[in-house]
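Me: I have a chain in front of me and would like to go through it residue by residue. Please keep the reasoning short and end on the value or name I ask for.

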Amino acid sequence: QVQLVESGGGLVQPGGSLRLSCAASGSIFSIRAMAWYRQAPGKQRELVAAITSIGTTNYQDSVKGRFTISRDNAKNTVYLQMNSLKPEDTAVYYCNAELRPTGWRYESDYWGQGTQVTVSS
């Protein structure tokens with residue numbers, strides 16, 4: 001059974017930093033893309049950043065220059081380094097992976113349980 005487990009959320013003051021991690025575990029044949037989404041209260045879930053298996057990245061405009069997504073393919077782990085955090089970054093952050101479990105023919109989307117990030121003084 002494949003699982004995505006996030007860690008690293010918490011409370012931070014404006015201007016501070018946090019690093020989120022998400023590890024995929026289970027019987028995994030391959031992982032195509034990994035990404036971070038977030039959902040603030042009363043808003044739709046939105047893409048924050050994504051990274052392909054070869055390291056190509058994509059960011060939401062509001063986080064460019066402040067957030068950095070990276071991945072360790074050997075550990076099936078994706079990271080999100082968040083710097084210069086703002087109150088509007090407050091949300092539940094979800095990890096997403098497009099992966100193929102062992103024995104499957106196609107990739108499927110998997111989600112983590114979410115981790116709360118609160119930016120407040």
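Me: In which strand is Glu46 found?
Reply: The model is a predicted one. Glu46 is partly exposed, with a relative accessible area of 32%. The element that holds Glu46 is strand E5.

Me: Which residues does Glu46 touch, not counting residues up to four places away in sequence?
Reply: Contact here means heavy atoms within 4.5 Å. With residues up to four places away in sequence not counted, Glu46 touches Trp36, Tyr37, Arg38 and Gln60.

Me: What separates the C-alpha atoms of Glu46 and Tyr93?
Reply: Along the chain, Glu46 and Tyr93 are 47 residues apart. In space, their C-alpha atoms are separated by 9.5 Å.

Me: Which residues lie closest to the centre of the largest pocket?
Reply: The largest pocket has a volume of about 170 Å³. Its lining is made up of 14 residues. Those closest to the centre are Arg38, Lys43, Glu46, Gln60 and Glu88.

Me: How many residues in the lining of the largest pocket are charged?
Reply: The lining divides into nonpolar, polar and charged residues. Two are nonpolar and five are polar. The charged residues number seven.

Me: Is Gln44 buried or exposed?
Reply: Gln44 lies in the loop between E4 and E5. Leaving aside neighbours within four places in sequence, Gln44 is in contact with Arg38 and Gln39. Its relative accessibility is 69%, and the cut-off for exposed is over 50%. Gln44 therefore counts as exposed.

Me: What separates the C-alpha atoms of Gln44 and Thr77?
Reply: Gln44 and Thr77 are 33 residues apart along the chain. Their C-alpha atoms are separated by 25 Å.

Me: Where is Ala50, and which residues does Ala50 touch, not counting residues up to four places away in sequence?
Reply: Ala50 has its place in strand E5, the strand where Glu46 is also found. With residues up to four places away in sequence left out, Ala50 touches Met34, Ala35, Thr56, Thr57, Asn58 and Ile69.

Me: How far apart in space are Ala50 and Ser70, C-alpha to C-alpha?
Reply: In sequence, Ala50 and Ser70 are 20 residues apart. In space, C-alpha to C-alpha, the value is 8.8 Å.

Me: Which residues have the most contacts inside the largest nonpolar core?
Reply: The largest nonpolar core has 31 residues. E3, strand E4 (28-39), strand E5 (46-52), E7, E8, E9 and strand E11 (115-119) each supply at least two of them. The largest share, five residues, comes from E9. The residues with the most contacts inside this core are Trp36, Leu80, Met82 and Tyr93.

Me: Which residues does Met82 touch, not counting residues up to four places away in sequence?
Reply: Met82 is among the residues with the most contacts inside the largest nonpolar core. Setting aside residues up to four places away in sequence, Met82 touches Gly16, Ser17, Leu18, Leu20, Arg66, Phe67, Tyr93 and Val117.

Me: Which cysteines form a disulfide?
Reply: The rule asks for a pair of cysteine sulfur atoms within 2.5 Å, and the count comes to one disulfide. The sulfur atoms of this pair are 2.1 Å apart. The residues are Cys22 and Cys95.

Me: How many residues apart in sequence are the parts that Cys22 and Cys95 tie together?
Reply: The link of Cys22 and Cys95 is left-handed, with -80 degrees about the S-S bond. Cys22 is buried at a relative accessible area of 0%, and Cys95 is buried at 0%. Cys22 lies in strand E3 (residues 18-25) and Cys95 in strand E9 (residues 91-101), so the parts they tie together are apart in sequence by 73 residues.

Me: What is the phi of Asn76?
Reply: Most residues other than glycine have a negative phi. Asn76 is found in the loop between strand E7 (67-72) and strand E8 (77-82), and is partly exposed at 24% relative accessibility. Although Asn76 is not a glycine, its phi is positive, about 50 degrees.

Me: Where is Ser84?
Reply: Ser84 is not a glycine, yet has a positive phi of about 50 degrees. At 41% relative accessibility, Ser84 counts as partly exposed. Its place is in the loop between E8 and E9.

Conventions. Residues numbered from 1 in each chain as written. Predicted model: local features only at pLDDT ≥ 70, side-chain atom pairs only at ≥ 80, totals over all residues. Heavy atoms only, no water. Helix = DSSP H or I, 4+ residues; strand = E, 2+ residues; numbered from the N terminus. Buried < 20%, exposed > 50% of the residue type's maximum accessible area, 1.4 Å probe, protein only. Core = buried A, V, L, I, M, F, W, Y, C linked by side-chain atoms within 4.5 Å. 1 Å grid on protein atoms, 1.4 Å probe; cavity = no way out; pocket = protein on both sides within 12 Å on 5 of 7 lines; lining within 4 Å. Points joined across faces, edges and corners; volume = space filled by probe spheres on them. Nonpolar A, V, L, I, M, F, W, Y, C, P; charged D, E, K, R; others polar.
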